[in-house]
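Me: I would like to go through this structure in questions and answers. Please keep the replies short.
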Amino acid sequence: MLLELKHIYKNYFQDKIVIPVLKDINLKVDEGEYLAIMGPSGSGKTTLMNIIGCLDRPTEGEYILEGRSIVNYSENGLSDVRLNTLGFVFQSFNLLPKQTALDNVALPLSYAGIPPKKRREIAFKALQRVGLQDRVKFRPNQLSGGQQQRVAIARALVNNPKIILADEPTGALDSRSGVQVMRLFKELNKDGVTVIMITHDANIASHAKRVVKIFDGRISEDHDDSLNGNMEGEIAGGRLI
Amino acid sequence: MFENVRQSFQSVWAHKLRSFLTMLGIIIGIAAIIAIVSIINGTNKKIQENLIGSGTNSVYVRITESGDLNYDMAYGGIPKGFKVLDSDVRDQINEMDHVLDASLYVFREGSEDIFYNSTQLQNGTLVGGDSHYLHASGNIIYKGRNLVEDDFTNFRKVALIDSVASEGLFPAEDPIGKVLDIKGEIFTIVGVFQQAKEFAPEINSEEDYDTYVSGRSSQGVVLIPDVDWPMVAQFDEPQNVIALADSTDTMTDVGKSVASFLNEYMGIKDSANVKYRAEDLTKTAEKTQQLANSTNQQLIWIAGISLLVGGIGVMNIMLVSVTERTREIGLKKAIGARKNKILIQFLTEAAVLTSTGGILGTIAGVVAAEVWSKMEGARVAISYPSIVIAIVFSMIIGIVFGLLPAVKASNLDPIVALRHE
């Protein structure tokens, strides 16, 4: 078991009115899974993603990551989890515009205290892995959208995370670049990285082995492709607990 | 840390105009302080040189009564316990640390017994000195010759007069070869001497004037060989000492050690009323320096206000920068940067900004001081410690005024920050 969410609730407060966003979410993810979280806007999928990504804390419930309960971690503790265990890919890439592809990829390594020369070596390998070894010195505005997203993926990969969290990774891309990015995720998953992706696009979600649908703050469907067809419902149902 | 600094420079360089305008307050403040301090320093150096030893570093150690009054032998006779010093005492003093030369001498101030024909030298000083007197007292021969060995061995009745006495007694004549009547004895003038370094103190106030005038000796000096002293004073007297120090800074120490050496040599107790005391010129110099400082220190306060305003400008621009870079901060936090990494990044940036301002301000200040000295002919002395202090201080301004924006940046919620447009 890589991560487990138990009875997760999340409420927002607006002018003393409680707005429940997540209601009793239970989710288990094993190492090496390729998971898509789907849902319409306002369903709570982004909030769920933030909680999985240790950017937000649940109002109630238990989050166990790599066997450790992390809901009570300090702010620095959560930073370290994000640094060492998680890799983020955003819809809008979020690259630093004034830095080269290589520097962007090397950024997380600086927070891990790796010396500059070593950083460049590791970052170069990560760029190689996403097929951008000939674009190292380019700045984001000199790269296409698809290339920028691949730089962002390289940045997410550079600390050898257990999990890559992707929030609408193809949302800002044309369909051809989108396909390239999805192929890259598939390769990474084949290499053993757990991929959790948020999308509202069923087409994109179909690349994932397992699709979790979320509606109105609850998991409405958990469908695992990788399992044998006739056992699907039973197992998937079990996961809902 | 080095990397942080490098990145901060990049970020400062990326907004050249903005950074420069932000720095301007710091630049002006630091420049003003450096310029003012340089001018104060220059004035002080000048006062010090003028008042202490007139640039010649001569220290006078005299037999004085309590209250630093010269002991008057003509009135009180030889004080108890004092005796005439041999020339080997002079040699011993000459061997002391920081002493370049030494002279033993006796003198009468306010002498009214010096005449050239019927012209009286008003309020003159009569000195009986050894062959080192002129050098040790910072004088040089202007005309004629110095005292030589033969003058002493043969008890020659020769005299040297200083330029003041020369002007008083011989306004239109050449004094060399003329004879002076000193207490009824006839002395032939063989030379005229003057201060080796002429100086004109800057007198800005009545107080300056008093300090200056009281530092000067008399209306003219007449020097005769010390061996001739009994002819005019009836007896040999215990001598006073002039020690020539190797620099202005060592004058006080030289004075103290010569005085205590002489008192010990004579067996005079510290508590004695009449004893050897070194003339304390630093005290008078300090008084004048303080006067100059106090006016200029007010200027430093005004420059300090400019630094405060500059610091607030830095804070303002850093707050703008934090807002502009909200997404960057959010991203960095999301990918695992701890809070203090963000804090240090922004503090470093503010410190780099203000330190650069401090360095530019220092350069501007030095240039301003030099230009001032060229224009006004005033002396300036760049003080290196003050440059270091100015740059360190400007760095501290950056850290102090960068703290609020940096804390704000480090406390940003990554979720909110990433959504920021």
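Me: What phi does Gly377(B) take just after helix 13 of chain B?
Reply: This is a predicted model, in which local features need pLDDT of at least 70, side-chain atom pairs count only at pLDDT 80 or more, and totals for chains, interfaces and linings use all residues. Residues are numbered from 1 along each chain as its sequence is written, while chains are lettered from A and ligands numbered from 1 in the order in which they are written. Helices (H or I, at least four residues) and strands (E, at least two) are DSSP runs, numbered from the N terminus. Just past helix 13 of chain B, the phi of Gly377(B) is positive, at about 70°.

Me: What distance does helix 13 of chain B reach from its first C-alpha to its last?
Reply: Helix 13 of chain B has 38 residues. The expected span is 1.5 Å times one less than the number of residues, which for this helix is 56 Å. The distance reached is close to that, at 54 Å.

Me: Which helix of chain B gives the largest share of the side that touches chain A?
Reply: Contact requires C-beta atoms, placed from the backbone, within 7 Å; by this criterion 15 residues of chain B meet 17 residues of chain A. Helix 1 (2–14), helix 12 (326–334), helix 13 (339–376) and helix 15 (414–419) of chain B each supply at least two residues of that side of chain B. The largest share, four residues, comes from helix 12 of chain B.

Me: Is Ile214(A) buried or exposed?
Reply: Ile214(A) lies in strand 9 (residues 210–215) of chain A, and among the residues it touches beyond four places in sequence are Ile37(A), Ser43(A) and Leu48(A). The C-alpha atoms of Ile214(A) and Ser43(A) are 6.3 Å apart, although 171 residues separate them along the chain. A residue is buried with 20 or more other C-beta atoms (placed from the backbone) within 10 Å of its own, exposed with 12 or fewer, and partly exposed in between. Because Ile214(A) has 23 C-beta neighbours inside 10 Å, it counts as buried.

Me: Which strands stand at the edges of the open sheet with the order 2-1-4-5 in chain A?
Reply: This sheet has four strands with antiparallel pairing, where two strands pair if DSSP finds at least two bridges between them. Strand 4 (residues 60–65) and strand 5 of chain A pair over two bridges, and Ile64(A) stands opposite Ser69(A) in strand 5 of chain A. The edge strands each have a single partner strand, so one side of each is left without a neighbour in the sheet; they are strand 2 (17–29) and strand 5 (68–69) of chain A.

Terms used. Two residues are in contact if their C-beta atoms, placed from the backbone, lie within 7 Å.
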